[in-house]
Amino acid sequence: MQNRTRDLAFADDFITARLVENVTDYAVSDAIVVNISPSTMVTGDDHPAIVPAWKSIWLKGGRIRSAERAVVIKVVKPTNLGGCMFRGWDWLGNRIRSFPRDTPLFISAQDEIGRVTVDPRVFTNELPATQAAQDFTLKLNLWWSPGDTDCFIHNEHPFLETHTQIHGIGRMQKFKERDPSTIYEDVVMPIGYSHDPFCRVTGPNQWTYPWHRYYAETDSVWLAIELHP
């Protein structure tokens with residue numbers, strides 16, 4: 001069925017978030033559109049545009065001409081957006097005992113989208129074409145932090161991930177050590193931007209991440225895209 005649509009688990013009165021599958025000629029009035037598939041997405045009318053796999057675009061009165069899977073998402077009520085913790089979002093310290101007690105980082109409900117087949121080295125941009133595709137479970141969730149929040153330097157993930165900025169301005173940063181003074185790469189994240197994956201594949205279902213963090217420069221909401229083996 002074309003344009004099979006449903007709300008995502010974290011959609012509410014403040015944030016519209018919709019999954020659209022088998023997309024054909026789908027109108028978008030004003031929202032961030034994220035291509036959550038290993039195939040390209042095509043947008044536009046008279047002048048088509050190509051949105052690569054796992055990348056995003058901000059459409060305003062535009063349309064998705066074709067896509068395998070896409071997320072259409074926007075913060076529609078920024079006032080009191082930080083009250084997400086009273087709408088079912090969880091403070092990360094409730095899940096990680098060692099997480100800094102004074103860090104206001106909150107995670108939404110997670111939505112399991114389904115299965116996706118991709119070569120992990122293509123996902124990480126280490127290969128231009130598929131050589132060893134495998135199945136992953138695709139999961140999505142949102143994060144929220146107020147401005148000037150250090151969202152914790154870490155380097156451990158049992159999955160492949162990337163992120164899209166939904167609201168505000170953030171930064172994805174890399175470090176030589178678990179020390180902010182050792183920063184060596186700083187990726188600015190404006191609304192609608194998806195960064196390249198930070199991890200590198202080191203073996204079957206094995207990947208390494210540099211020391212990295214998200215830094216909320218302003219009040220920010222960002223989408224986490226996770227591929228679980």
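## The second largest pocket

The second largest pocket has a volume of about 270 Å³. It is lined by 18 residues, and those closest to its centre are Pro 38, Ala 53, Trp 54, Val 122 and Phe 123. Keep in mind as you look around that this is a predicted model.

Which elements each supply at least two residues of this lining? They are strand E8, covering 111–118, and helix H1, covering 120–123. By class, the lining of the second largest pocket holds eight nonpolar, seven polar and three charged residues.

## The largest pocket

Now for the largest pocket, whose volume is about 570 Å³. Its lining is made of 27 residues, and Leu 92, Ile 96, Trp 143, His 154 and His 157 are the closest to the centre. Four elements give two or more residues to this lining: strand E9 (134–145), strand E11 (160–167), strand E16 (211–216) and strand E17 (220–228).

Which element gives the most to the lining of the largest pocket? That is E16, with four residues. Sorted by class, the lining of the largest pocket has 14 nonpolar, seven polar and six charged residues.

## Strand E9 and its partners

Strand E9 is a good one to follow next, as it is among the strands that line the largest pocket. With 10 of its 12 residues buried, E9 is largely enclosed by the rest of the structure. The cut-off for buried here is under 20% relative accessible area.

E9 pairs antiparallel with E8, and seven bridges join the two. Within this pairing, Val 116 has Phe 136 of E9 as its bridge partner. E8 also supplies at least two residues of the lining of the second largest pocket, while E9 does so for the largest pocket.

Strand E7, residues 106–107, pairs with E9 as well, in the antiparallel sense and over two bridges. Here Ile 107 is bridged to Trp 143 of E9, and Trp 143 is one of the residues closest to the centre of the largest pocket. E9 and E17 are antiparallel too, paired over nine bridges. One pair of bridge partners is Ser 145 and Ser 220, the latter in E17.

## The open sheet around E16

E16 takes its place in an open sheet of four strands, ordered E10-E16-E12-E13 with antiparallel pairing. The edges are E10 and strand E13 (183–189), each of which pairs on one side only.

Between E16 and strand E12 (residues 170–175) there are six bridges, again in the antiparallel sense. Follow Gln 173 across and you reach its bridge partner in E16, Arg 213. In a regular strand, side chains alternate between the two faces of the sheet.

## Thr 149 on the edge strand

Let's finish with a single residue. Thr 149 belongs to strand E10, residues 149–150, and E10 is an edge strand of the open sheet. Is Thr 149 buried or exposed? Its relative accessibility is 4%, so Thr 149 counts as buried.

The side chain of Thr 149 reaches the backbone oxygen of Pro 146 at 2.7 Å. Leaving out residues up to four places away in sequence, Thr 149 touches Thr 103, Pro 104, Tyr 214, Tyr 215 and Ala 216. Among these contacts, Tyr 214, Tyr 215 and Ala 216 fall within E16 (211–216), the strand that gives the most to the lining of the largest pocket.

How values were computed. Residues numbered from 1 in each chain as written. Predicted model: local features only at pLDDT ≥ 70, side-chain atom pairs only at ≥ 80, totals over all residues. Heavy atoms only, no water. 1 Å grid on protein atoms, 1.4 Å probe; cavity = no way out; pocket = protein on both sides within 12 Å on 5 of 7 lines; lining within 4 Å. Points joined across faces, edges and corners; volume = space filled by probe spheres on them. Nonpolar A, V, L, I, M, F, W, Y, C, P; charged D, E, K, R; others polar. Buried < 20%, exposed > 50% of the residue type's maximum accessible area, 1.4 Å probe, protein only. Polar contact = N/O pair within 3.5 Å; in protein donor to acceptor, adjacent residues only side chain to side chain. Contact = heavy atoms within 4.5 Å. Pairing = 2+ DSSP bridges.
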